[in-house]
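Me: I would like a close look at a single part of this chain, followed by an account of its surroundings. Please treat the loop position first and then move outward to the rest of the fold.

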Amino acid sequence: MDLYKEIAELIKTSNYVVVFTGAGISVESGIPPFRGPNGLWSKYDPEEFAHIKSFLKNPFKVWGMLRDMFYLIYNSKPNLAHKVLAELEKLGYLKSIITQNIDGLHQLAGNKKVIEYHGNYRKLICINCKNSYPLEKQKIQELPYPICNNCQAPLKPDVIFFGEPIPLDIMKQAEEEALKCSLMLIIGTSGMVYPAANLPYIAKSNEAIIIEINLEQTSYTYSISDYFLKGKAGEMLFKIFQNIIT
Ligand code: NAD
Ligand code: ZN
């Protein structure tokens, strides 16, 4: 049987399909991933700039990177891959998405059940009094960095930096979904950022079928992936989708 048809059948007949996404799914929307050649992260080393210690030590420096990222995210739109996942949820074939992305593109595409493991860059939070602010261009442009109107402390996007813990409720929800699923679709993640990277192993421990889509092989490919589709997220998902609806 054709591979895409086989995967489409599995998705149609599985009773609990969960999708786990990483930065690779948003590359076709113009947002570069951490790993691989690209603009943003050759300018800023994410291990340094996306670490909470760097932010607390020098918010001005880190806001240089955050502003660049803001413009990328602010101007981005869901791509074919996000749209296929939204259709799959509408058709009842997909129960939830666990995403490591902070760009909010799954919700913009129309997905309702999205667990944002690393938070969302569409809101700002005061690091001191925890007041929250909507993400606005004007606020982002404040110099030397956006501050809280309440207590003058620096504002930070509502995302998890390296060195920060994942909120317990989010971790619990994601683990429950991973344990519950009978099929997990892993899309565009290198599987190198923990604890998020554990979720596919949790799914596999409960005998879920693992289908992976990536441009290159990852640590999942030979360990737990039952199927590996090498290619762009949008193209691969669309081929599967065509077989689901016919
Ligand atoms: P990563 O950068 O470590 O890996 C990206 C993976 O996507 C790679 O394995 C690459 O081969 C693959 N890829 C690249 N283009 C692809 C495409 N068109 N189709 C399919 N696969 C493609 O990303 P990660 O594993 O998500 O870890 C990075 C962390 O950085 C995440 O935790 C995330 O929070 C954060 N991040 C988020 C965004 C975003 O929100 N869009 C962007 C960069 C980084
Ligand atoms: Zn404050």
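Reply: Asn 111 sits in the loop that runs between helix H7 (105-109) and strand E3 (114-116). The model is a predicted one, and the values below are computed from it. Is Asn 111 buried or exposed? Its relative accessibility is 4%, and because buried means under 20% relative accessible area, Asn 111 counts as buried. Leaving aside residues up to four places away in sequence, Asn 111 touches His 82, Leu 85, Ala 86, Glu 89, Ile 97 and His 106. With respect to Thr 21, which is 90 residues apart from Asn 111 along the chain, the C-alpha separation is 13 Å.

The loops of this chain also hold backbone features that merit attention. Most residues other than glycine have a negative phi, and most peptide bonds are trans. Two peptide bonds described here are cis. One joins Leu 143 and Pro 144, with omega about 0°; Pro 144 is placed in the loop between helix H8 (137-140) and strand E6 (155-159). The other joins Tyr 194 and Pro 195, with omega about 5°, and Pro 195 belongs to the loop between strand E7 (183-187) and helix H10 (199-205).

Positive phi values occur as well. Gln 152, a residue other than glycine, has phi near 65° and is found in the loop between H8 and E6, the loop that also holds Pro 144. Lys 130 has a positive phi of about 70°, although it is not a glycine. Lys 130 lies in the loop between strand E4 (119-126) and strand E5 (132-134). Its relative accessible area is 55%, so Lys 130 is exposed.

Lys 130 leads to the second largest pocket, which holds about 190 Å³ of space. This pocket is lined by 13 residues, and those closest to its centre are Ile 125, Lys 130, Lys 156, Val 159 and Glu 164. Strands E4 and E6 are the elements that give two or more residues to the lining, and the largest share, 4 residues, comes from E6. By class, the lining has 8 nonpolar, 1 polar and 4 charged residues.

Strands E4 and E6 reappear in the packing around helix H5 (residues 59-74). Its buried residues are Pro 59, Val 62, Trp 63, Met 65, Leu 66, Arg 67, Met 69, Phe 70 and Ile 73. These residues pack against helix H2 (40-43), helix H3 (46-49), helix H4 (52-57), E4, H8 and E6. Strand E6 thus has a part both in this packing and in the lining of the second largest pocket.

At the level of the whole chain, the secondary structure comes to 11 helices and 9 strands. Buried residues make up 52% of the 246 residues, Asn 111 being one of the buried residues. Among contacts between residues at least 6 apart in sequence, 66% join residues at least 24 apart. The C-alpha trace spans about 60 × 30 × 30 Å along its principal axes. How does the radius of gyration agree with that of a compact globule, and what is its value? For 246 residues, a compact globule would have a radius of gyration near 18 Å, and the chain has 18 Å, which agrees. The chain exposes about 11700 Å², of which carbon and sulfur atoms supply 54%.

Methods. Residues are numbered from 1 along each chain as its sequence is written. Chains are lettered from A and ligands numbered from 1 in the order in which they are written. This is a predicted model: local features need pLDDT of at least 70, side-chain atom pairs count only at pLDDT 80 or more; totals for chains, interfaces and linings use all residues. Side-chain values use heavy atoms; hydrogens and water are left out. On a 1 Å grid over the protein atoms alone, a cavity is a set of points where a 1.4 Å probe fits but cannot get out, and a pocket is an open set with protein on both sides within 12 Å along at least five of seven lines; lining residues have an atom within 4 Å of a point. Grid points are joined across faces, edges and corners, and a volume is the space filled by probe spheres set on the points. Ala, Val, Leu, Ile, Met, Phe, Trp, Tyr, Cys and Pro count as nonpolar, Asp, Glu, Lys and Arg as charged, and the others, Gly among them, as polar. The radius of gyration is taken over C-alpha atoms; the globule rule is 2.2 Å times the number of residues to the power 0.38. Buried means under 20% relative accessible area, exposed over 50%, partly exposed in between (1.4 Å probe, protein chains only). Contact means heavy atoms within 4.5 Å. Accessible areas come from the Shrake-Rupley method with a 1.4 Å probe; for residues, only the protein chains shown count as cover.
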